[in-house]
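Colleague: Could you take one part of this model and go through it closely, residue by residue where that helps? I would like a connected account that I can follow with the structure open beside me.

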Amino acid sequence: MQSGLYIVGTPIGNLSDFSPRAIDTLKNVDLIAAEDTRVFGKLAAHFHIETPRVAYHDHNERDRADDLVQKILDGASIALVSDAGMPGISDPGFRLIRAARAAGAAVFVVPGPTAAVSALVLSGFATDRFTFCGFFDPKKVRADNRIRHTIIYYESPNRIMDTIQTLATIMPERRIAIVREITKVYEEAIIGYPAELLRIEPPRGEIVIVVDAAPDHQMTDDEIRDIVNDVAGGPTKAAAADLAARAGISKKEAYRRLLDQNTGDTHD
């Protein structure tokens, strides 16, 4: 193998997605830098990859990057792998890649599956412009809402319902897709407005959230009134959440309009 850093994508669930080129690369480099050597060890055993490996993760990447780059400059070929998917996407890797480039070392990519892009195309939402925001951060979601095209987040199953609630408050008018277990047996895309998805059973497994582009059309009062008439009559809290989601207004405004409807007040 030519000396250099090889960025190698690994399967995100289905082992059949592991490309022959990726397997060949990992078998022939001098060293593999793995996010978790135990996790990679299972994949290596399945594909009979016996190349020496070293841990490269959040806690040691700053110290280990220089050492790995020096090995490359001395003539070694090193592969970088994460636990799943493409290295550097919301996991360690970019610092090593940046350091290798800064040192003038050769850098190659061996593409593999990426959960964010796979979820995007599964969602059916607009793909001409999108922003990947990493793991969902409730402190940044209001700023994220200024992004009017498609947004992608990673999320853990133990936080997903809280996240949907936050999206129902901040982005009620934007549909979301909860995409889970991509390439696995229970792969699923659950799509709807956040207020609607608060009623689902909490999803399990590896989760990607895709937020649809913000609607260009601002509803008129008459259009909102039609939705008010449609949802009125049910429990006020649920009706207000439904109205907020479908009309793209705040829950406070939705409550006000429902109360106006119930009392016969027609002012806007």
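**A pair of strands and its surroundings**

Modeller: A good place to start is Ile7, whose bridge partner in β5 is Val109. Please keep in mind throughout that this is a predicted model. The bridge belongs to the pairing of β1 with β5, which run in the parallel sense and are joined over four bridges. These two strands are part of an open sheet of five strands, in the order β3-β2-β4-β1-β5 and with parallel pairing. Its edge strands are β3 and β5, each of which pairs on one side only, and neighbouring strands are turned by 25° against each other on average, if direction is ignored.

The side chains add a link between β1 and β5, through one of the five aromatic pairs that the structure holds. Tyr6 and Phe108 are stacked, with 4.6 Å from centre to centre and 25° between the planes. The pair links distant parts of the chain, since Tyr6 sits in strand β1 (residues 4-8) and Phe108 in strand β5 (residues 107-110), 102 residues apart. Are the two rings buried or exposed? Tyr6 has a relative accessible area of 8%, and because this is under the 20% cut-off it counts as buried. Phe108 has 24% relative accessibility and therefore counts as partly exposed, as the value falls between the 20% and 50% limits.

A second aromatic pair can be set beside this one. The ring centres of Phe18 and Phe47 are 5.0 Å apart and their planes stand at 75°, so this pair is edge-to-face. Phe18 lies in the loop between β1 and α1 (20-28), and Phe47 in the loop between α2 (37-46) and β3 (53-55), so the contact ties together parts of the chain that are 29 residues apart in sequence. Both of these residues are buried, Phe18 with a relative accessible area of 6% and Phe47 with one of 16%.

From β1 the view can be widened to the largest nonpolar core, which has 19 residues. Leu5, Ala33, Tyr56, Leu68, Ile78, Leu80 and Leu96 are the residues with the most contacts inside this core. At least two core residues are supplied by each of β1, β2 (31-34), α3 (61-73), β4 (77-81) and α4 (94-102), and the largest share, four residues, comes from α3. What does Ile78 touch, leaving aside its neighbours within four places in sequence? Ile78 is in contact with Gly4, Leu5, Tyr6, Leu31, Ala33, Leu68, Lys71 and Ile72. Tyr6, the residue already met in the stacked pair with Phe108, is thus also one of the contacts of Ile78.

The two helices that contribute to this core can be described through their packing. α4 lies across β1, β4 and β5 and runs at about 150° to β1, while α3 and α4 pack at an angle of about 35°, with their axes 9 Å apart. The crossing of α3 past α4 is right-handed. On the α3 side the contact involves Glu61, Arg62, Ala65, Leu68 and Val69, and these meet Arg95, Leu96, Ala99 and Ala100 in α4. Leu68 and Leu96, which take part in this contact, are also among the residues with the most contacts in the core.

To place this part in the whole model, one further sheet deserves a look. This is an open sheet of five strands in the order β6-β7-β10-β8-β9, with mixed pairing, and its edge strands are β6 (130-135) and β9 (188-192), each pairing on one side only. Within this sheet, β8 (residues 176-180) and β10 (residues 207-211) run antiparallel and are joined by five bridges, and Ile176 has Val211 as its bridge partner in β10. Helix α5 lies across β6, β7 (150-155), β8, β9 and β10, at about 55° to β10. Ser123 is found in α5 (residues 115-123); it is buried, with a relative accessible area of 6%, and it touches Ala177, Ile191 and Val210, not counting residues up to four places away in sequence.

Key. Residues are numbered from 1 along each chain as its sequence is written. This is a predicted model: local features need pLDDT of at least 70, side-chain atom pairs count only at pLDDT 80 or more; totals for chains, interfaces and linings use all residues. Side-chain values use heavy atoms; hydrogens and water are left out. Rings of Phe, Tyr and Trp (its six-membered ring) pair if their centres lie within 6.5 Å; planes under 30 degrees apart count as stacked, over 60 as edge-to-face and the rest as tilted. Buried means under 20% relative accessible area, exposed over 50%, partly exposed in between (1.4 Å probe, protein chains only). A nonpolar core is a set of buried Ala, Val, Leu, Ile, Met, Phe, Trp, Tyr and Cys residues joined through side-chain atoms within 4.5 Å. Contact means heavy atoms within 4.5 Å. Two strands pair if DSSP finds at least two bridges between them. Axes are lines fitted to C-alpha atoms, for helices over the stretch in contact, and angles run from 0 to 180 degrees between N-to-C directions. A crossing is left-handed if the near helix is turned anticlockwise from the far one by less than a right angle, and right-handed if clockwise.
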